[in-house]
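Dear colleague,

I am passing on the structure we spoke about, with the sequence alongside. Please look through both before reading my notes below.

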Amino acid sequence: MDLSTLYQAVLGGEVDEAVEKAKEAVQSGATADVILKQALLPAMDEVGRLFENGEYFLPEMLAAGLAMKNCMAELAPHLAQAANVKPLGKVVLGTVQGDVHDIGKNLVGLMLQGAGFEVTDLGIDVPRARFVEAATQADILGLSGLVSTTIPEMAHVIKALQDAGVRDKVKLMVGGAPVTQEFADSIGADGYAKDAAAAARKAKQLLGLE
Amino acid sequence: MGKETMTPRERVLTALEHREPDRVPISMTITIDAYNNLKKYMGIEIDEKPKVGRWTDVDIHPLVAEKYGLDVVRLGDPIAKGPKVEPTHPRALFADEWRCEWARVDRPDGGYYYEMVKHPLAEATKVSDLDGFPWPEPGDVLPETVEYFHKVRETTDLAIMTKTAEAVFELATYLNGHQKWYTDLAIRPEYCYAVMEHIAEVQAARDIVALNKIGKYVDVLRLSGEDMGTQEGPLISLKMFRQLVRPHLEKVWTAAKKTLTAHNPRGKIMLHSCGAVRIFMQDWADMGLDVLDPIQTTAKGMDTALIKQEVGDRLSFHGAIDIQWLLPHGTPEQVRQDVRKRIKDLGPGGGFIVSPTHNVQGDVPPENLIAMRDAVWEFGYYPLDL
């Protein structure tokens with residue numbers, strides 16, 4: 001089964017074409033995990049590389065992400081049956097309370113999904129208690145914030161995790177325009193990444209997968 | 001401190017004509033929280049009820065501007081908008097005339113921001129979906145607004161900055177929602193082109209109407225915000241900019257500049273574009289832009305010395321004093337050193353107005369705003385000796 005056309009369609013952000021190719025691949029007998037591992041994940045890996053090289057920009061990345069997401073939806077029933085497809089880990093993401101920006105977080109979600117993680121998105125303006133609640137069900141908790149005045153809330157979330165005794169149960173990643181490695185270190189986060197592609201790599205590192 | 005030999009307005013106009021004034025001019029836009037903090041710190045009590053804008057920004061009262069030492073005063077949006085639009089989203093506090101709906105988002109530690117919760121073109125995908133969309137009328141400038149501009153011109157020596165239209169590219173983002181818009185740019189280019197064409201028509205008409213009324217008072221016309229960069233790089237490729245965005249911006253800028261300079265031959269047009277935008281600067285200069293704001297120095301590649309070298313003979317710069325880290329978290333001494341560096345990089349030959357890189361937020365200590373001004377007074381007199 002030649003999956004290169006599917007790979008190319010995802011990489012090129014051709015959303016409808018990609019879904020068509022994914023359907024064809026399933027019909028011609030390719031298993032979901034092969035389609036995933038040989039076309040979708042490598043395509044998103046290449047998207048990340050092109051983005052980091054400055055050859056891809058936000059629109060190209062989002063279009064490829066959408067193509068991947070729609071293909072995944074197409075494959076979902078088949079993936080559920082495939083016992084040998086396990087996610088790399090579970091990631092729960094959210095934008096901290098007081099902040100409703102979400103495109104950066106959504107991109108991180110797409111790239112994590114594209115790297116093979118299971119991603120749950122808590123959305124925007126997320127209260128501390130919801131992060132605390134999610135901490136026990138995730139391998140990685142990702143906090144996003146876009147405004148210099150909202151990122152101090154990340155420290156409060158960490159405090160709330162400590163108070164609830166669950167801080168050590170989860171790896172904590174932070175990101176967003178005003179967030180820096182220094183800031184991440186200062187509040188005691190486990191990881192920071194400057195963009196979505198780097199976030200996917202960092203998540204693998206945090207779980208000892210890379 | 002050197003000797004002032006120019007009025008603030010002459011200082012600004014001279015700098016923007018790429019000549020060295022007596023010293024580097026100072027400018028600032030500010031949010032309500034920071035404004036109140038600054039006034040309190042400076043012991044200024046005046047009777048005013050500032051109108052709070054969409055970004056919680058306020059106009060600095062000319063008296064406060066003079067007392068602080070600003071050379072530029074920004075006068076808020078002079079266009080009287082059409083009939084009020086009622087919001088429909090349960091969380092929305094108000095709707096704007098483009099039918100974007102906004103909610104107040106409170107932070108757990110106090111303070112708030114207005115954010116969009118509904119985008120009117122969220123479901124549109126085809127050019128024909130735009131048929132019948134209620135594009136706003138250009139609107140008009142009320143006589144009392146003209147009178148206010150006149151009064152500020154007559155009673156102060158400050159350069160006047162205003163904005164008579166809104167954005168094109170960035171407004172398209174609001175109308176569609178960020179994620180949808182940036183995805184559409186890749187997968188539905190014809191649709192995106194048509195959206196921007198509609199918006200540009202309104203904005204160009206708006207600039208012409210407004211500047212025919214107040215153009216003679218306007219020294220710097222802010223062409224609204226067209227953010228084209230992230231921290232790490234441009235939001236779109238130069239190729240996409242040229243194909244999809246540039247034709248519409250060029251239409252608006254040309255109309256604005258022509259009308260402005262017909263009434264004030266020394267008037268300049270200024271683009272606000274955040275982030276890592278160096279790759280677009282030559283195009284912007286080709287398109288007739290005079291001034292670029294804010295030179296976000298924390299974004300990748302926004303090296304002030306390099307930018308001055310690359311495009312400083314064609315563009316002037318407004319901004320460069322970092323609002324993300326330096327002003328909120330730096331010490332007054334760090335602010336002082338940074339202002340010195342930016343003047344050294346961008347100041348030679350004129351063409352530079354010191355300003356924070358965005359509306360000053362409530363987390364900026366007034367001490368740092370004073371340090372910014374004092375550093376200009378210390379290092380900003382021409383001939384520069386840095």
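In this predicted model, chain B holds an open sheet of 3 strands, arranged in the order β5-β6-β7 and paired in the antiparallel sense. The strands at the edges are β5 (94–95) and β7 (112–118) of chain B, each of which pairs on one side only. Between β5(B) and strand β6 of chain B, which covers residues 101–106, there are 2 bridges, and the two strands run antiparallel. If you would like a place to start looking, Phe94(B) has Trp102(B) in β6(B) as its bridge partner.

Another strand of chain B that deserves your attention is β14, residues 352–356, where 5 of the 5 residues are buried, so that the strand is largely enclosed by the rest of the structure. Its side chains are divided between two directions, with Phe352(B), Val354(B) and Pro356(B) pointing one way from β14(B), while Ile353(B) and Ser355(B) point the other way, and all of them are buried. The strand β13 of chain B, residues 316–321, pairs with β14(B) in the parallel sense, and 5 bridges link the two. Within that pairing, Gly319(B) is found opposite Val354(B) of β14(B).

Turning to chain A, its secondary structure amounts to 9 helices and 5 strands, and read from the N terminus the elements follow the order α-α-α-α-β-α-β-α-β-α-β-α-β-α. The radius of gyration of chain A is 17 Å, close to the 17 Å that the globule rule gives for 210 residues, and chain A is therefore as compact as a globular protein of that length. The C-alpha trace of chain A extends over about 55 × 35 × 30 Å along its principal axes. Of the 210 residues in chain A, 53% are buried, and among the contacts in chain A with a separation of 6 or more, 76% are between residues 24 or more positions apart.

The domain assignment splits chain A into domain 1 (4–81) and domain 2 (90–206), and the C-alpha centres of these two domains of chain A are 25 Å apart. Where the domains touch, 9 residues of domain 1 of chain A are in contact with 8 residues of domain 2 of chain A. On the domain 1 side, α3 (32–52) and α4 of chain A each supply at least two residues, and α3(A) gives the most, with 5 residues. By residue type, this side of domain 1 of chain A that touches domain 2 of chain A consists of 5 nonpolar, 2 polar and 2 charged residues.

Finally, there is the contact between the two chains, to which chain A brings 27 residues and chain B brings 28 residues. On the side of chain A that touches chain B, the elements giving two or more residues are α4 (58–81), α5 (103–115) and α7 (152–163) of chain A. Which element gives the most to this side of chain A? That is α4(A), with 6 residues. The residues on the side of chain A that touches chain B can be sorted into 13 nonpolar, 9 polar and 5 charged. You may wish to view α4 of chain A from both directions, since this helix supplies at least two residues to the side of domain 1 that touches domain 2 within chain A, and α4(A) also gives 6 residues to the side that touches chain B.

With best wishes

Key. Residues are numbered from 1 along each chain as its sequence is written. Chains are lettered from A and ligands numbered from 1 in the order in which they are written. This is a predicted model: local features need pLDDT of at least 70, side-chain atom pairs count only at pLDDT 80 or more; totals for chains, interfaces and linings use all residues. Two residues are in contact if their C-beta atoms, placed from the backbone, lie within 7 Å. Helices (H or I, at least four residues) and strands (E, at least two) are DSSP runs, numbered from the N terminus. Ala, Val, Leu, Ile, Met, Phe, Trp, Tyr, Cys and Pro count as nonpolar, Asp, Glu, Lys and Arg as charged, and the others, Gly among them, as polar. Domain bounds come from an automatic or database domain assignment. Two strands pair if DSSP finds at least two bridges between them. The radius of gyration is taken over C-alpha atoms; the globule rule is 2.2 Å times the number of residues to the power 0.38. A residue is buried if 20 or more other C-beta atoms lie within 10 Å of its own, exposed if 12 or fewer, and partly exposed in between; C-beta atoms are placed from the backbone.
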